[in-house]
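Okay, thanks for making room for me this morning. I'll put the structure up and then talk you through a couple of spots in it.

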Amino acid sequence: MAAERDYYELLGIDRNAEPKVIKNAYKKMAGKYHPDRNSSPDAESKFKEIKEAYEVLSDPQKRQMYDQFGHAGVNQSMGGGQQGNPFDGFESVFESFFGGGFGGAGGSRSRAARGADLIHEINISLEESFSGCEKTIKVMAMETCGDCGGSGARKGSTPMTCSHCNGSGTIRMQQGFLAIEQPCPVCHGEGKIIKDRCPTCRGQGQIQKNKSINVQIPRGIESATRMRISGKGEPGQRGGPPGDLYLDIHVDDHTIFEREGNNLTCDVPISFATASLGGEVEVLSLDKKLTLKIPPETQSLSHFRLRKQGMPILRSDNRGDLICRIIVETPVNLNSQQKEMLTTFANSLSEDQAKHSPKCDTWMNRLRKIFQTR
Ligand SMILES: [Zn+2]
Ligand SMILES: [Zn+2]
């Protein structure tokens, strides 16, 4: 997967191109760069890129993954199996185009296949995480075609068993001692031949649809959690199980609270007088009003813990704590009388600084010592 160029750009087509346009573009480009016809040194790598682009864009499922997630989506959905020799199926693909027939790009498809997984991101508020919520998410996903029931054959007709491979989708070739199994060139590994294609799904058996899925988000869920909702991905093919839906959950920042583990923290501003004399202030948790007792002589940045007023702990009845960080607010917009009173008050304190403002006193003493020793 060295090529990271845009597949649409490689084939010189529009992002909304119909399957027929993709096929024609590939035919044209493959003919131009096929190493048998083009002797320029980069023809081979170019052909490889074009082939890769076509393999993805001609497969509705892969194409959707690519549209949604780019190269990452396709690499994921292809798994490790496609990393081998990029020229596997090289001949057959080319021959199927230029020798008449047309088909997919190799690989046996006759076995039941699990549906693709879907990945979806969702943002929720802290309140929604607190109480749990139900969300309806919309995803573009392949669904079994309702008109043909997934067979790909026009309503009223049935796909015929391929007589070349007797329906197995593979043929055995004897080369000396070696018996090699290859996808049947007639049915392209499907085991069946559709004479009369279902017009709704163009014989694919699946169509892309906007799907709404209801999801229960449990209370207490943390940001950056990936939830797996089993069986809610794309349907399987030929009786295979459906894929899963992966939900990446992001919890939005809150104006008041921050989550730390299962605790909530918040800043609580209190007045200079309350900090000094003590008192009560009203605080909020995510579900109720609470009263926080401020003891006398409370300093800025001290913490008070309100037990079990934090976030619900996932899959339990317990809750974390609410931790209030006190911010002592310096009074502002004082009038001249208030300023005068404050000056008088400050003067009364400075007579015994060590007693009323021990931190200031210690700080000054330390500074003095440093300057005296120099
Ligand atoms: Zn159909
Ligand atoms: Zn066959």
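I'll start with the whole chain, then go to one helix, then to one cysteine.

Just so we're clear, this is a predicted model. The protein chain has 374 residues, and 23% of them are buried. As for secondary structure, we've got ten helices and 15 strands. And if you take the contacts with a separation of 6 or more, 60% are between residues 24 or more positions apart.

Right, the helix. That's α3, residues 43-57, so 15 residues by definition of its ends. From first C-alpha to last, α3 reaches 21 Å, close to the 21 Å expected at 1.5 Å a residue. So how much of α3 is buried? Eleven of the 15 residues are, so the helix is largely enclosed by the rest of the structure. If you want to click on them, the buried ones in α3 are K46, F47, E49, I50, K51, E52, A53, Y54, E55, V56 and L57. Charged residues are in there too, including K46 and E49.

Now the cysteine, C133. You'll find C133 in strand β2, which covers residues 133-144. Buried or exposed? Well, C133 counts as partly exposed, because there are 16 other C-beta atoms within 10 Å, and buried would take 20 or more. Leaving out neighbours within four places in sequence, C133 is in contact with I124, E128 and I217. And look at Q216: it sits 83 residues from C133 along the chain, yet their C-alpha atoms are separated by 6.0 Å.

Notes
Residues numbered from 1 in each chain as written. Chains lettered and ligands numbered in written order. Predicted model: local features only at pLDDT ≥ 70, side-chain atom pairs only at ≥ 80, totals over all residues. Helix = DSSP H or I, 4+ residues; strand = E, 2+ residues; numbered from the N terminus. Buried ≥ 20, exposed ≤ 12 C-beta atoms within 10 Å, placed from the backbone. Contact = placed C-beta atoms within 7 Å. Expected span 1.5 Å × (residues − 1).
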